[in-house]
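Me: I am new to this structure and want to know how its labels are justified. Please take me through some of them.

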Amino acid sequence: MTGMRIGFLGAGRIGSFHAAVLAGHDGVDEVLIGDADGARAAGLAERIGARAAGSVDEVFTAGVDAVVIATATASHAELITRAARAGLPAYCEKPIALDLAGTLAALREVEAAGTMLQMGFQRRFDAGYLAAREALRSGRLGRVHTIRAVTSDAAPPPPEFLPHSGGLIRDCLVHDFDVVRWLTGREVTEVFATGAAGGAAFFRAAGDVDTAAALLTLDDGTLVTATATRYNGAGYDVRLELAGERDQLVVGLDDRTPFTSAEPGGPGAPRRPWTGFLERFDAAYRAELAAFVDAVRGVRPNPCSGREALHALLVAEACERSRLERRPVALAELTAGV
Ligand SMILES: NC(=O)c1ccc[n+]([C@@H]2O[C@H](COP(=O)([O-])OP(=O)(O)OC[C@H]3O[C@@H](n4cnc5c(N)ncnc54)[C@H](O)[C@@H]3O)[C@@H](O)[C@H]2O)c1
């Protein structure tokens, strides 16, 4: 197949980036953009030299070769289902749905249709995470007993984002949960999580937290801590530390990591700290979209299936349950029947 036509849904923060990347991809002839807000779709299409669809429906009936879904999380399951029923391969931003039932229903549609669904966990394409996976699997670090994952946004998203986001754990920590499984090849067996909402009142109003911490136990006994916050004024900080018997390795530690050493003579604050996900993961997003184009063409396998995303969501669901019920939660509580 040459000259692919892609139907693109969602002209918001991440959609604007993804659509521009696809519009500039050699293997893509046309990007047809739809959004619930038609003016937003039209504005994006004009900015990046794409075509705006008259409606979301038109994206599914225009004869495109594949669909990319970058809309608000609450709409993913329905749009994944529409793509499956239209027989179209789809890429969808994480997560599949806001809850387990919605996720499973969408996956059943994809599996019944036999279509491809690639989920947007871009850290799997980041150079640092790839190198860490290789180091861990090569045995160079020795037995890795502790993993520390960090996801800190520099500033909170707009209040209107929260009610459709699934909350901090499903929205942010789900990336850490996915990458820990992908990196180690191990499953999470138990979680214990908590959260706090000391920042803006709109987090409490949405029943969400602005800061969260989770302790995960993997099936080989490895301990993982994962923390997330919406308030890291020093900058955008996404890191992962692997601590092994022989060596330690850190993902996301470079001259833009927003840290200041407390030690006399230690490194000061970076001159240009990372500001957000679009900048930090620019190359990873481009690589995952290129992988999608290749997967649609059939020249590369799907790098992140819906089932993989389901596993990350299950960990997030267990953490939400743990946070709300203030107790450790075994994954087995959620996996029965999945
Ligand atoms: N992988 C990542 O690093 C990453 C980063 C940011 C956001 N995301 C995900 O991307 C998604 C979008 O996030 P965002 O920050 O761009 O949100 P956003 O609010 O900026 O944009 C969402 C867009 O979707 C549109 N929309 C909502 N429902 C729709 C529907 N049913 N049909 C068509 N259009 C619809 C809205 O009008 C809006 O233009 C979320 O699911 C989020 O979890 C992923």
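Reply: Start with pairing: two strands pair if DSSP finds at least two bridges between them. The model is predicted. In it, S152 has T229 of β10 as its bridge partner.

Me: How do you know that strand β7 and strand β10 pair?

Reply: Strand β7 (residues 144–152) and strand β10 (residues 223–229) are joined by 7 bridges. The rule asks for at least two, so they count as paired. The two strands run parallel.

Me: Which strand pairs with β10 in the antiparallel sense?

Reply: Strand β9 (residues 211–218) does, over 7 bridges. One of the partnerships sets L216 against V224 in β10. The hairpin of β9 and β10 has 4 residues between the strands, and G221 there takes a positive phi near 90°.

Me: Why is R256 said to lie over the face of W274?

Reply: R256 is 4.1 Å from the ring centre of W274. The limit is 6 Å, within 35 degrees of the ring normal, so the distance fits and R256 is listed as lying over the face. R13 is likewise placed over the face of F161, at 4.9 Å from the ring centre, so this distance also falls within 6 Å.

Me: What makes F17, F281 and Y285 a cluster?

Reply: Ring pairs link them. Rings pair if their centres lie within 6.5 Å, and by this rule the count comes to 5 aromatic pairs.

Me: Which residues does the UniProt domain annotation cover?

Reply: The unreviewed UniProt entry gives "domain: Gfo/Idh/MocA-like oxidoreductase N-terminal" for residues 4–121. That span is 44% helix and 23% strand, with its end C-alpha atoms 23 Å apart.

Conventions: Residues are numbered from 1 along each chain as its sequence is written. This is a predicted model: local features need pLDDT of at least 70, side-chain atom pairs count only at pLDDT 80 or more; totals for chains, interfaces and linings use all residues. Side-chain values use heavy atoms; hydrogens and water are left out. Rings of Phe, Tyr and Trp (its six-membered ring) pair if their centres lie within 6.5 Å; planes under 30 degrees apart count as stacked, over 60 as edge-to-face and the rest as tilted. UniProt positions are given in the numbering used here, feature names are shortened, and annotations may be inferred rather than shown by experiment.
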